[in-house]
Amino acid sequence: MNSPARVLVWLLPAFIAGGLMLSAEPESPAKPASTTPADAQCPMHPWIKAAAGARCTLCGMNLVSGAMCGLSMTSTNGTPVLLSEESVRITGIRTSEVKKQPLTRTLRLSGMIGVDESRLGIISAPVDCRVDGLFMTHEGQTVTQRQPLATIFSPVLLAAADDYKKALATAGEPLDRAKRRLEHYGLVWEQIKTIPERQPDDLYFGMLAPRSGTIVKSFVTEGQNVKAGQKMFEVADFAKMWFHALIAEQDVPFVKAGQIVKLRTATLPGAMLTSRIYNVSPNLDDMTRSARVRVILENPERKIKNNAFAEGEVQLDAAEVLTVPRSAVLWPGNQPRVYVRRSAGDFQPRHVQLGRTGDHDYEVLGGLAEGDHVVTSGVMLIDGQARLGSPIIGSSKL
């Protein structure tokens, strides 16, 4: 191939490539892929975000733009949360006034019902004797004063009876002394006046109950020898019972004698026992830092059982103090705060200092003034809105 032809062969591909480049339209700069901003959120669940027009995956409400929600707060550092009237209506935000009123407090009690210790007694052997017969054989039996308890054999008592017989002939001081000795050994006049009629082979005396009550415990059996003063029976009068409970040291100043107590016990299902506090112990337990409260319960029909567990409540007297509803207070960490409504849709977070806890309110020691309006319903939604834009998500610091 001659030289011109060889040059043409080499240049032809280059011309073709150049023509293609000249005929093609110049390319525009690359454009980013089209995206739909997720700037809409649920009025009820503001953490649910998506494009406007979508529905909340939790409640099904239409998502609205952030501008409609009116969120202007980027942190919970005291900057107000601004919500539109529509958002306030949809979320059901309610407020309550901070005011002075008695702080209603119900103190819960739990303890045991037991015998009135002033009605608990011991029946002891009045003389050295042998118990040859028992009329009271088990716990729970009811005994009345002068009811026979046992039949006893006592040489000491037999000798005292013989001395009384002899003294009857002389009367005067020896007779009085012999009578008092028999009374000291547990005999009553009805028994003493029959001594002159006793047969020589009658060696036994009846031991009568010196008091009425219920046998709580028996310490003797038939045939047992007992010494004078030895315990034979423990007897309690359950016509009145004691309820004992412990109250914490911080509640002691507010619990006083005379306050009404309402009690319930499983041994009386459906019944409410109403009484009053009898006294509060002046001594605090070193270990539990608590004081014992005593309540006296009337029990004429003996329906209340001894050693029964009971729970109750007492309304504590309280002076008028500044209060805030408990539903208004959030507890991020150990620093309580509330949201105060300054105007329609304008809510400001505020630290508060609280005192005692009531049934429905807290005592306010600082951070709020009488007449302030705090959010009581929807406060978690407002706080959630505030935290959505927080630089530190989930931070509990204001």
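Hi everyone, this is a short tour of one helix, the core it packs into, and a few salt bridges.

This is a predicted model, where local features need pLDDT of at least 70, side-chain atom pairs count only at pLDDT 80 or more, and totals for chains, interfaces and linings use all residues. Residues are numbered from 1 along each chain as its sequence is written, and side-chain values use heavy atoms, leaving out hydrogens and water.

Let's start with helix α4, residues 155–170 (helices are DSSP runs of H or I, at least four residues, and strands are runs of E, at least two, numbered from the N terminus). Its end C-alpha atoms lie 24 Å apart, which agrees with the 22 Å that its 16 residues should span at 1.5 Å a residue (that is, 1.5 Å times one less than the number of residues).

Which residues of α4 are buried? They are Leu-157, Leu-158, Ala-160, Ala-161, Tyr-164 and Ala-167. Buried means under 20% relative accessible area, exposed over 50%, and partly exposed in between, with a 1.4 Å probe and protein chains only.

Now the largest nonpolar core (buried Ala, Val, Leu, Ile, Met, Phe, Trp, Tyr and Cys joined through side-chain atoms within 4.5 Å). Among its 34 residues, Leu-149, Leu-182 and Phe-233 touch the most other members. Helix α4 gives the largest share, six residues.

Finally, salt bridges, meaning a side-chain nitrogen of Lys or Arg within 4 Å of a carboxyl oxygen of Asp or Glu. The count is 20. In one of them, Arg-181 meets Asp-163 at 2.8 Å, N to O. This pair joins helix α5 to helix α4, 18 residues apart. Arg-181 counts as partly exposed, at 33% relative accessibility.
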